[in-house]
Amino acid sequence: MPAPERPWGHSGDRGLTSPSVPALTQFRMAEHGPVPSSCDCFVAMPPHTAFPAVIFAKNADRPRDEVQEIVYVPAATHRPGDKVQCTYVQIEQAERTHAVVLSRPAWLWGAEMGANDCGVCVGNEGVWTREPLGEAEALLGMDLVRLGLERGSSAREALEVMTALLERHGQGGSCKEQPEPFVYHNTFLLADRNEAWLLETAGRYWAAQRIREGSRNISNQLSIGSEITAEHPGLRERARSQGWWSGHGEFSFARAFSLEKEPPRMEAARARLRAGTELLQRHAGHITEETLMSILRDKAGGICVDSAGFRTAGSMVSVLPRDPALPCVHFLTGTPDPSRSVFKPFVFVAGVRAAPQVRSPSFPQDPARQIPRFRSSVDRRHELYRRHQAALELMERDPERGQRLLGTLQELEQQGLQGMRELLQGTVSPSPQELADLFLDCVEAEMKFYT
């Protein structure tokens, strides 16, 4: 891999930004308060990457007080007829599920983003379309992320799993841990060592586009036009029957299914989409994992969100080498605001040790699992989240001490990046046990600095 880049836009630092938070334009809906900005997802592939690998990245922007936890689930074999309880509904279980690492809102079953032991990554985005929203409980888009990872050995296979489950079970139910429902449809970015797929949905209908080179980002917009690689068998007839397409000439999924008048949250997302595209293009040909980390930390373009109602709750960057002999490396924060968080490396090996410091507590009477739901609240903060929050408060209260702590965290992140760079270059050969302990060791090191 090339030598580390200096992340653009932050003179003299190495990825983590200063404690000051620039003022962000607030988009508001009179009846609902701050408009959620939702998420940004990126993929870069040769020839845009600096080395032969696919690099996946995502910011999960969620309600400000929501906790994101990091969960490792080992591979498993299941009995015929077994069921799996997703966030709201129970569905049939697969015969075998892959090992996965997930970054997820602590109250639900699915995930905002994650990876599996086959080198597949998936992330989702909320969208609003002409199809009616399903407030009835069904699969969440975040459930589909996890189901695709657990059951797909490639990006294409994960897509086939997700679309089959979408057609069978539908999508619906509230996507936040509050009594007022917050419902949306979903788009997904899927990637493996060889290719990426963009999957966009409207109710049970969907369209998918294969991405084989270059780079792509998504930000809460339908963006698949006429270049459709795969689609729901009834997609075009649905558009024709609703008067969204004449039935003749070119068919554009985005044109047919996008709302004529988009809500403010989608108008705001359009600016983030442009900013992300421009940043990818600026670095085309030499994109590395550090490039994507710095893009996720970009507050000027609104990609790193820190507003009154929503903020970036967790972030992930994955390096998927084209060479199957090399391991895939996944970097996760497990804490809010990537500009002041540490990306910690995770590698799939036998005997991975879970990090309890990034797991939220469980509750016998969990309000997310009781009917009616969300009538009370619980404290889901995990240990790393608590200490990180105390550090953020220190950065705001005492900028000088905060800058020193930030410098220490930068050093810790750079150690992890350098170690993974050497692993992928073949200049070091850590033992299987060292790799099994890798993420846990990095979490423990970060926590020591907070004390």
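1. Arginine 64 is partly exposed at 26% relative accessible area (partly exposed sits between buried, under 20%, and exposed, over 50%, using a 1.4 Å probe and protein chains only). Its salt-bridge partner, aspartate 306, is buried at 15%. The side chains of the two meet at 2.7 Å, N to O (a salt bridge here is a side-chain nitrogen of Lys or Arg within 4 Å of a carboxyl oxygen of Asp or Glu). That pair joins distant parts of the chain, 242 residues apart: arginine 64 is in the loop between strand 4 (53-63) and strand 5, and aspartate 306 is in the loop between helix 6 (289-296) and strand 18 (310-321). Helices (H or I, at least four residues) and strands (E, at least two) are DSSP runs, numbered from the N terminus.

2. Before you go further: this is a predicted model, so local features need pLDDT of at least 70 and side-chain atom pairs count only at pLDDT 80 or more, while totals for chains, interfaces and linings use all residues. Residues are numbered from 1 along each chain as its sequence is written, and side-chain values use heavy atoms, with hydrogens and water left out.

3. Back to the charges. The structure holds 36 salt bridges. Arg64 and Asp306 turn up again in a network of salt bridges that also takes in Lys299, Asp337, Arg340 and Glu396.

4. Another long-range pair is arginine 380 with glutamate 177, where the closest N and O atoms are 2.7 Å apart. Here 203 residues separate the partners: arginine 380 is in the loop between strand 20 and helix 7, and glutamate 177 is in the loop between helix 2 (155-169) and strand 13 (185-191). Arginine 380 is buried at 6% relative accessibility, whereas glutamate 177 is partly exposed at 24%.

5. Glutamate 195 and arginine 210 also form a salt bridge, with closest N and O atoms 3.2 Å apart. Glutamate 195 lies in the loop between strand 13 and strand 14 (196-202) and arginine 210 in strand 15 (residues 205-211), so this bridge ties together parts 15 residues apart in sequence. Glutamate 195 is the buried partner, at 15%, and arginine 210 is partly exposed at 26%.

6. How many aromatic pairs does the search of the whole structure find? The count is 13 (centres of Phe, Tyr or six-membered Trp rings within 6.5 Å; planes under 30 degrees apart are stacked, over 60 edge-to-face, the rest tilted). Tyrosine 72 and phenylalanine 348 have ring centres 6.3 Å apart and planes at 50 degrees, so they count as tilted. Tyrosine 72 is in strand 5 and phenylalanine 348 in the loop between strand 20 and helix 7, so the pair ties together parts 276 residues apart. Phenylalanine 182 and tyrosine 184 are edge-to-face because their planes are at 75 degrees, with centres 5.4 Å apart. Both are buried: phenylalanine 182 at 11% and tyrosine 184 at 6%.

7. Ring pairs also link Tyr72, Phe346, Phe348 and Phe439 into a cluster. Of these, phenylalanine 348 is buried, with a relative accessible area of 17%. Phe439 is one of the buried residues of helix 10, alongside Leu438, Leu440, Cys442, Val443, Glu446, Met447 and Tyr450.

8. What covers that buried set? Among the elements doing so are strand 5 (68-73), strand 19 (329-332), strand 20 (344-346), helix 7 (383-397), helix 8 (399-425) and helix 9 (432-436). The geometry of helix 10 (residues 438-450) checks out: its 13 residues should span 18 Å at 1.5 Å a residue, and the end C-alpha atoms are 19 Å apart, which agrees (the expected span is 1.5 Å times one less than the number of residues).

9. Histidine 330, in strand 19, is buried at 0% relative accessibility. Its side chain makes a polar contact with that of serine 318 at 2.7 Å (N or O atoms within 3.5 Å; within protein, one must be able to donate a hydrogen and the other to accept it, and residues adjacent in sequence count only if both atoms are side-chain atoms). Leaving aside residues up to four places away in sequence, histidine 330 touches Phe346 and Phe348, among others including Ala115, Cys121 and Lys344 (contact meaning heavy atoms within 4.5 Å).

10. On cysteines, the disulfide count is zero (the rule being two cysteine sulfur atoms within 2.5 Å). For cysteine 41, the nearest cysteine sulfur is that of cysteine 39, 8.3 Å away. Cysteine 304 also has cysteine 39 as its nearest by sulfur, at 12 Å. Cysteine 41 is buried at 0%, and cysteine 304 is buried at 0% too.
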